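Student: Please take a close look with me at a single part of this structure, and explain how that part is fitted into everything around it.

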Amino acid sequence: MSNDPTICPICDNVLKYRDSLLRHMKLEGQNRKNYMIRRLQCTHCGSLHRELPDCFVPYKHYGAEIISGAVDGIVTSTDADSEDYPCEITINRWKHWLAFNTNRINGYLRSIGFQVLGFSEELLKSTTSLLDELRSSNPEWLETILRFIYNSGGFLGVV
Ligand SMILES: [Zn+2]
């Protein structure tokens, strides 16, 4: 994501580098991985944003597009024209990962949905799953979720 223009998701102004933090991420089993995360500050509204490191996207070598396609049933393991396509076991792990994180994602979406995603107040007050709402309205739902959650300093669990 480091090649993206660094634009404040709140006010659309330019972000500038502020500092870096050392964090660690739990991987499967007992493994942990240390990484540096860059913090950027908006030159206009002063809000802080963390850059989304590539290693944060679970099973990232497939890319968020394939993961969301697989979870949505658009990409299946029978799409055998590319060896990059995931097998059934992998797809099931992604579904499991998403189910595991659904409550957490909905919590984040509820807190950023109005400001960042343009969800209506009615929708935010309803008991509708905002994740389902986003999945049905935005083909890039997974990228959107990951970016906003990590920018706001949160992150999702790894199953
Ligand atoms: Zn800003």
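Tutor: The protein chain has five helices and three strands, where helices (H or I, at least four residues) and strands (E, at least two) are DSSP runs, numbered from the N terminus. Read from the N terminus on, the elements follow the order β-β-β-α-α-α-α-α. This is a predicted model, in which local features need pLDDT of at least 70 and side-chain atom pairs count only at pLDDT 80 or more, while totals for chains, interfaces and linings use all residues. Residues are numbered from 1 along each chain as its sequence is written, and side-chain values use heavy atoms, with hydrogens and water left out.

The part to look at closely is helix α5, which covers residues 141-151. Nine of the eleven residues of α5 are buried, so this helix is largely enclosed by the rest of the structure; here buried means under 20% relative accessible area, exposed means over 50%, and partly exposed is in between, with a 1.4 Å probe and protein chains only. Those buried residues are W141, L142, T144, I145, L146, F148, I149, Y150 and N151. For the whole protein chain of 159 residues, 35% count as buried.

What does α5 pack against? Its buried residues are packed against β3 (48-50), α1, α2 and α4, a contact being heavy atoms within 4.5 Å. On the side of α1, one residue shows this in detail: S68 has its place in helix α1 and, at 3% relative accessibility, counts as buried. Leaving aside neighbours within four places in sequence, S68 is in contact with P139, W141, L142 and E143.

The helix also takes part in the largest nonpolar core, which has 25 residues, and in which I105, W141 and I145 are the residues with the most contacts. Such a core is a set of buried Ala, Val, Leu, Ile, Met, Phe, Trp, Tyr and Cys residues joined through side-chain atoms within 4.5 Å. The elements giving two or more residues to this core are α1 (64-71), α2 (88-117), α3, α4 (130-137) and α5. I105 itself touches L98, L131, I145, I149 and L156, when residues up to four places away in sequence are not counted. I145 and I149 are both among the buried residues of α5. A general point about helices helps in reading such a list: an α-helix has 3.6 residues a turn, so residues three or four places apart point the same way.

W141 deserves a further look, as the charged end of R135 sits over its ring, 4.9 Å from the centre; this is counted if NZ of Lys or CZ of Arg is within 6 Å of the ring centre and within 35 degrees of the ring normal. The side chain of R135 also meets that of D72 in a salt bridge, 2.8 Å from N to O, the term standing for a side-chain nitrogen of Lys or Arg within 4 Å of a carboxyl oxygen of Asp or Glu. This pair links distant parts of the chain, with R135 in helix α4 and D72 in the loop between α1 and α2, 63 residues apart. R135 counts as partly exposed at 24% relative accessibility, and D72 counts as partly exposed at 30%.

How many salt bridges does a search of the whole structure find? The search finds four. Away from α5, R18, D19 and R39 are linked in a network of salt bridges. In it, D19 and R18 meet at 3.5 Å, N to O, while the closest N and O atoms of D19 and R39 are 2.8 Å apart. The pair of D19 and R39 links distant parts of the chain, D19 being in strand β1 (residues 15-26) and R39 in strand β2 (residues 32-42), 20 residues apart. R39 counts as buried at 17% relative accessibility, whereas D19, at 21%, counts as partly exposed.
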